[in-house]
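Here is a friendly note to read with the model open beside you. Take the points in order and find each residue as it comes up.

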Amino acid sequence: MAHFPALLPSLPVVTRPRHLALFAVLATAALPSTADARAAGYDGIWNVTFATSRGNCSSGYSVPFTVAGSRVSSAGGGRVSGTVKRSGAVAVQVSIGASHASGGGRLAGVNGAGSWRGIISGDQCSGTWQATRS
């Protein structure tokens, strides 16, 4: 302990307590928050309908997703994870058993649209999706 006060002047400016606090405030302000996506108004349950344009996968099935802040998750069945940005850009990964798919697109108001691709019941498929907030 006797050597600690002697070392303090030799530490870089950033490690001093006053500068650390300022650095922490600036770093926090630079990071996007979940409130950013929430402010854009995407929170809620979205019913997503999938259409297949390539492959032997069923078309026209719907899956409910939940958006809370900047996170997308399942509203029933399967594992869903993803993010939505303040601009409405969305990226999602879905898996149910051995089937898995990923997609991206955009939400705007109460509607959304984009594309997806994955392996569904062993078949490689791709297509489009449309979403409506309920």
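The points below go from the ground rules to the aromatic rings, then to the strands and two single residues.

1. **Ground rules.** This is a predicted model, in which local features need pLDDT of at least 70 and side-chain atom pairs count only at pLDDT 80 or more, while totals for chains, interfaces and linings use all residues. Residues are numbered from 1 along each chain as its sequence is written, and side-chain values use heavy atoms, leaving out hydrogens and water.

2. **The stacked rings.** A search of the whole structure gives 2 aromatic pairs. Rings of Phe, Tyr and Trp (for Trp, the six-membered ring) pair if their centres lie within 6.5 Å; planes under 30 degrees apart count as stacked, over 60 as edge-to-face and the rest as tilted. Phe50 and Tyr61 have ring centres 5.3 Å apart and planes at 25 degrees, so this pair is stacked. Phe50 sits in strand E1 (residues 44–54), while Tyr61, 11 residues apart from it, is in the loop between E1 and strand E2 (62–68). Strands here (E, at least two residues), like helices (H or I, at least four), are DSSP runs numbered from the N terminus.

3. **The edge-to-face rings.** Phe50 also pairs with Trp116, edge-to-face, at 6.1 Å centre to centre and 90 degrees between the planes. Because Phe50 belongs to strand E1 and Trp116 to strand E7, the pair ties together parts that are 66 residues apart in sequence. Phe50, Tyr61 and Trp116 form one aromatic cluster.

4. **Buried or exposed?** Let us look at how accessible these three rings' residues are. Buried means under 20% relative accessible area, exposed over 50%, and partly exposed in between (1.4 Å probe, protein chains only). Phe50 is buried at 11%, and Trp116 is buried at 5%. Tyr61 has 30% relative accessibility, so it counts as partly exposed.

5. **The neighbours of E7.** Two strands pair if DSSP finds at least two bridges between them. Strand E6 (residues 99–108) and E7 run antiparallel and are joined by 9 bridges; one of the partnerships is that of Gly103 with Trp116 in E7. E7 and E8 also run antiparallel, joined by 10 bridges, and Ser115 stands opposite Thr128 in E8. In a regular strand the side chains alternate between the two faces of the sheet.

6. **Two hairpins.** The hairpin of E6 and E7 has 2 residues between the strands, and Gly109 there takes a positive phi near 65 degrees. E7 and E8 form a hairpin with 2 residues between them. Which residue in that turn has a positive phi? Ser121 does, at about 50 degrees, although it is not a glycine. Ser121 is exposed, with a relative accessible area of 64%.

7. **Two residues of E5.** Ala89 and Gln93 are worth finding next. Ala89 lies in strand E5 (residues 89–96), and Gln93 is in E5 too. Ala89 is partly exposed at 23%, and Gln93 is partly exposed at 40%. Contact means heavy atoms within 4.5 Å. Leaving aside neighbours within four places in sequence, Ala89 is in contact with Thr83, Val84, Gly105 and Arg106. With the same kind of neighbours left aside, the contacts of Gln93 include Arg79, Val80, Ala101 and Ser102. Gln93 is 23 residues from Trp116 in sequence and 9.4 Å from Trp116 in space, C-alpha to C-alpha.
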